[in-house]
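Here is a walk through one protein model and the molecule it holds. Take a look at the sequence and the 3D view, then read on.

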Amino acid sequence: MPRSAHLDRFVLDHLPPPAQQPDRIFDRPELAYPERLNAGAELLRRALAAAGPEARALIDHDHEFSWGRVDAISSRMARILVEDLGLVPGNRVLLHGPNSAWTALAWFAILKAGGVVVATMPMLRAAELAIVVNKARISHALVYDTLVEAVTEAQATAPTLVQIMDSATLQKAAQSQPAGIGFAPVDTAADDPALIAFTSGTTGQPKGCVHGHRDILAMADTFGRHIVQLSKADIVVGTPPIAFTFGLGGLVVFPAAVGAATAFAPCPGFDALAETIARHRATALFTAPTGYRALLKLADAHDLSSLRTCVSAGEALPAATSDAWHEATGVRIIDGIGSTEMIHIFISAGGDAIRPGATGKPVPGYEARIIDADGNPLPAGETGRLAVRGPTGCRYLDDDRQAAYVQDGWNLTGDVYRLDEDGYFWFVARSDDMIVSSGYNIGAPEVENALLRHPAVAEAAVIGVPDEERGQIVKGFVVLNPGHTASDALKCELQTHVKGVIAPYKYPRALAFVDALPKTQTGKLQRFRLKADA
Ligand code: 3UK
């Protein structure tokens, strides 16, 4: 084992035992990382080499940073972390900020300083932050001005947190440093922990997924390099928070790896996103399927014609959404399944290889297979549990649930998939979203996609509800498009429509019209909340 740079060994000491570690495969030249690697320094080295110091890097609403300035400012911030705040390599640093240039700058700074980044969604409140701080024994926090209160409040029940610095203070301190003094990035081992990404946790305590410096580069050198294929000419926009690894990859890591620029919307929401696309002539977009559906409604009012590359993840992209987007913009969306545990996307397809409705094939660097309940691989055509392995893998921080996600070195994502004869992987459902009605297995997403094919339907969700006769019945929740009104007649029409699109036994026997569906901050449908209310 190469020598770790971590003087604070907390994360290293709370990794899963060797027998529960995932296999890690680096059998491609672009994944042959050196023993010493600092992801913050290496990404900025790549950006500067590709685009040069003057090239645009981070664009806030009306303020721009070049890659040269991103490198210089993040080095100054790293110095402040080490010299003023006493950061020791291996210490965990809470990064609590909205998607913005400041949050990206601070992210690079923490990595350069040898800290372990724990980024959290700006919407988290004190109680939720305290859980994360306690679990990861966080000592330092860099916090965006407007969010300081929640963090200081969390401190009351999270005593490990001793140093909090707000964005304005950090920025001022960085500016007042004498020019010309650099910062030598901490000489971390390639596998030294670099970040802990907490799962949104639909049930139970959130799980902390540990990823090393080389894992951050691996997402750029697999999905980024082979499927997204950004160049230094790209201007990237998107909705997923930087605290969610989908957003971290799309808005920070992939652009840096090629010297592209990221434009941050001034506030969350799809109107601001559409405006940002038009204003900066953005070329690449990262958002969830619900984001594409929301943008479709705004496409007439905003100029989206600059977009060339569109990436969807978080939940399956229905063929109906893919087709509607293609029709409106001429761009085929790249769908990809990723997870916090794997850091980013491991099955996907781009360009002519895209088959709407299918997720795609294993991203170069990853292997995927379908296994049965006993862990035996299943042939093409069969439906079963998805298992993957590659350069990255699941390593929970001190968590018994490791044994459920990693088995025999393979990562089990909790998804049910089907592999076709051409090697394409088709999403069926998450295991917990399989409905068993009268002995039939029905995947909730398949019924949702059928509902979405009806012109009156804007959003759809499907769950199983208890039924004496059938065990469970399929229940649908539908948000209507403007110009349509809920009625018994429309309900019947939708039920008949579903029977015409998929096998009739899958149709929603119960159907409710609602104003909105419960979604996570990462755009995922929360079926469990509908189940709780049903
Ligand atoms: C589901 C998908 C079908 C699937 C994520 C890209 O979503 C991400 O991470 P999470 O930990 O959730 C993982 C689970 O979400 N899922 C995600 N993408 C798809 N299902 N098709 C898809 N395209 O159940 C998976 O197990 O929140 C996505 C990059 C980084 C991420 N963290």
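Let's start with a bit of vocabulary: two rings of Phe, Tyr or Trp count as a pair if their centres lie within 6.5 Å, and planes over 60 degrees apart make the pair edge-to-face. Keep in mind that this is a predicted model.

**Rings that meet**

With that in hand, you can find 12 aromatic pairs in the structure. Take Phe 246 and Phe 286: their ring centres are 6.2 Å apart and their planes sit at 65°, so this pair is edge-to-face. The two come from distant parts of the chain, with Phe 246 in helix α9 (residues 245-258) and Phe 286 in strand β11 (residues 284-287), 40 residues apart. Both Phe 246 and Phe 286 are buried. They also have company, as Phe 223, Phe 244, Phe 246, Phe 254 and Phe 286 make up one aromatic cluster.

A ring can meet a charge, too. Have a look at Tyr 507: the charged end of Lys 499 sits over its ring, 4.1 Å from the centre.

**Around the ligand**

Which residues come nearest to the ligand? There are 22 residues around it, and the nearest are Asp 335, Gly 336, Thr 340, Asp 415 and Lys 524. Sorted by class, this shell has nine nonpolar, eight polar and five charged residues.

Several elements chip in. At least two shell residues each come from α9, β13 (334-338), β19 (410-419) and β20 (425-430). The largest share belongs to β13, with four residues.

Now zoom in on some atoms. Here are three polar contacts between protein and ligand:

| Protein side | Ligand atom | Distance |
|---|---|---|
| Thr 245, polar side-chain atom | nitrogen | 2.9 Å |
| Gly 314, polar backbone atom | nitrogen | 3.0 Å |
| Arg 430, polar side-chain atom | oxygen | 2.9 Å |

How much of the ligand does the protein bury? On its own the ligand exposes 610 Å², and the protein buries 95% of that.

**Some Asp residues in loops**

Next, a word on backbone angles. Most residues other than glycine have a negative phi. Asp 398 isn't a glycine, yet its phi is positive, at about 45°. You'll find Asp 398 in the loop between β17 (383-389) and α13 (402-405). Its relative accessibility is 47%, so Asp 398 counts as partly exposed.

Asp 408 has a positive phi as well, about 50°, and again it is not a glycine. This residue lies in the loop between β18 (406-407) and β19. Is Asp 408 buried or exposed? Asp 408 is exposed, because its relative accessible area is 75%.

Then there's Asp 399, also placed in the loop between β17 and α13. With a relative accessible area of 14%, Asp 399 is buried. Try tracing the chain from Pro 16 to Asp 399: they are 383 residues apart in sequence, but 7.6 Å apart in space, C-alpha to C-alpha.

**A helix residue to finish**

Last stop: Thr 222, in helix α8 (residues 213-228). Why does Thr 222 count as buried? Its relative accessibility is 1%, and buried means under 20%, so Thr 222 fits. What does its side chain reach? The side chain of Thr 222 reaches the backbone oxygen of Ala 218, at 2.7 Å.

Methods
Residues are numbered from 1 along each chain as its sequence is written. This is a predicted model: local features need pLDDT of at least 70, side-chain atom pairs count only at pLDDT 80 or more; totals for chains, interfaces and linings use all residues. Side-chain values use heavy atoms; hydrogens and water are left out. Rings of Phe, Tyr and Trp (its six-membered ring) pair if their centres lie within 6.5 Å; planes under 30 degrees apart count as stacked, over 60 as edge-to-face and the rest as tilted. Buried means under 20% relative accessible area, exposed over 50%, partly exposed in between (1.4 Å probe, protein chains only). A charge sits over a ring if NZ of Lys or CZ of Arg is within 6 Å of the ring centre and within 35 degrees of the ring normal. A residue is near a molecule or strand if one of its heavy atoms lies within 4 Å of it. A polar contact is a pair of N or O atoms within 3.5 Å; within protein, one must be able to donate a hydrogen and the other to accept it, and residues adjacent in sequence count only if both atoms are side-chain atoms. Accessible areas come from the Shrake-Rupley method with a 1.4 Å probe; for residues, only the protein chains shown count as cover. Ala, Val, Leu, Ile, Met, Phe, Trp, Tyr, Cys and Pro count as nonpolar, Asp, Glu, Lys and Arg as charged, and the others, Gly among them, as polar.
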